[in-house]
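User: Please pick one part of this model and take a close look at it for me. I would like to see the whole chain described too, as a setting for the details.

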Amino acid sequence: MVHQIEITPLTETAWLIKWPEQIDKSIHADVMQVYRYLQENTLEGMLEMVPAYQSLAIYFDDSYLFCDRNECLHALQKKVAEALAAPTIQASSSTLVEIPVCYEADFAPDMQEVCDQTGLS
């Protein structure tokens, strides 16, 4: 499925790629596809990417200056189009981490206060 995306400046050194604001697994799959593609095919000066459910923020080095903001936007649009046209990049296997919890009074001295404040029991 093809989704309408928008690329806007986030800060002076960052861009935000936005997909439609709706809960849709295919939108998140697109976000992650672009994220994984750009991990392998970085843009010059790119420092960090922050994926979210319906967006991807891309941060660039402060000392890296583009000759022209439109040139940067065009380069980013081109990479995003390449990413979405590329074969699906599968995520590396994930690991389920279980964190044991204990709610017994000896281990949760503030439990009653938290329950009173939140209205939970």
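Analyst: The protein has 3 helices and 4 strands, where helices (H or I, at least four residues) and strands (E, at least two) are DSSP runs numbered from the N terminus. From start to end of the sequence, the elements come in the order β-β-α-β-β-α-α. With a radius of gyration of 20 Å, well over the 14 Å that the globule rule gives for 121 residues, the protein is more spread out than a compact globule; the radius is taken over C-alpha atoms, and the rule is 2.2 Å times the number of residues to the power 0.38. Along the principal axes, the C-alpha atoms fill a box of roughly 60 × 35 × 25 Å.

Before we zoom in, a word on the basis. This is a predicted model, in which local features need pLDDT of at least 70 and side-chain atom pairs count only at pLDDT 80 or more, while totals for chains, interfaces and linings use all residues. Residues are numbered from 1 along each chain as its sequence is written, and side-chain values use heavy atoms, with hydrogens and water left out.

Now the overall surface and packing. Of the 121 residues, 30% count as buried (buried is under 20% relative accessible area, exposed over 50%, partly exposed in between, with a 1.4 Å probe and protein chains only). The accessible surface comes to about 9000 Å² by the Shrake-Rupley method, and carbon and sulfur atoms hold 53% of that area. Among contacts (heavy atoms within 4.5 Å) with a separation of 6 or more, 53% are between residues 24 or more positions apart.

The part I would pick is the charged pair. The protein has 6 positive and 19 negative charges, and their mean positions are 14 Å apart; Lys and Arg count as positive and Asp and Glu as negative, leaving out His and the chain ends. Side chains of opposite charge can pair when their charged atoms come close. Taking a salt bridge as a side-chain nitrogen of Lys or Arg within 4 Å of a carboxyl oxygen of Asp or Glu, the count comes to 1 salt bridge. The partners are lysine 18 and glutamate 6, with the closest N and O atoms 3.9 Å apart. This pair links distant parts of the chain, since lysine 18 sits in strand β2 (residues 14-18) and glutamate 6 in strand β1 (residues 6-11), 12 residues apart. Lysine 18 counts as partly exposed at 29% relative accessibility, and glutamate 6 also counts as partly exposed, at 43%.

What else surrounds lysine 18? Beyond its neighbours within four places in sequence, lysine 18 is in contact with Gln4, Ile5, Glu6, Thr8, Gln54 and Ser55. For a sense of distance, the C-alpha atoms of lysine 18 and serine 94 are separated by 25 Å, with their positions 76 residues apart along the chain.

One of those contacts, isoleucine 5, belongs to the segment before β1 and is partly exposed, with a relative accessible area of 26%. Not counting residues up to four places away in sequence, isoleucine 5 touches Ile17, Lys18, Trp19 and Val80. Phenylalanine 60, 55 residues apart from isoleucine 5 along the chain, has its C-alpha atom 20 Å from that of isoleucine 5.

Two further places help to orient you in the rest of the chain. Alanine 29 lies in helix α1 (residues 25-40) and counts as partly exposed at 43% relative accessibility. Its C-alpha atom is 13 Å from that of alanine 86, although the two are 57 residues apart along the chain. Asparagine 41 is in the loop between α1 and β3 (46-51), and with a relative accessible area of 27% asparagine 41 is partly exposed. The C-alpha atoms of asparagine 41 and lysine 79 are separated by 8.2 Å, at 38 residues apart along the chain.

Technical notes. Accessible areas come from the Shrake-Rupley method with a 1.4 Å probe; for residues, only the protein chains shown count as cover. The place of a charge is taken as NZ of Lys, CZ of Arg, CG of Asp or CD of Glu.
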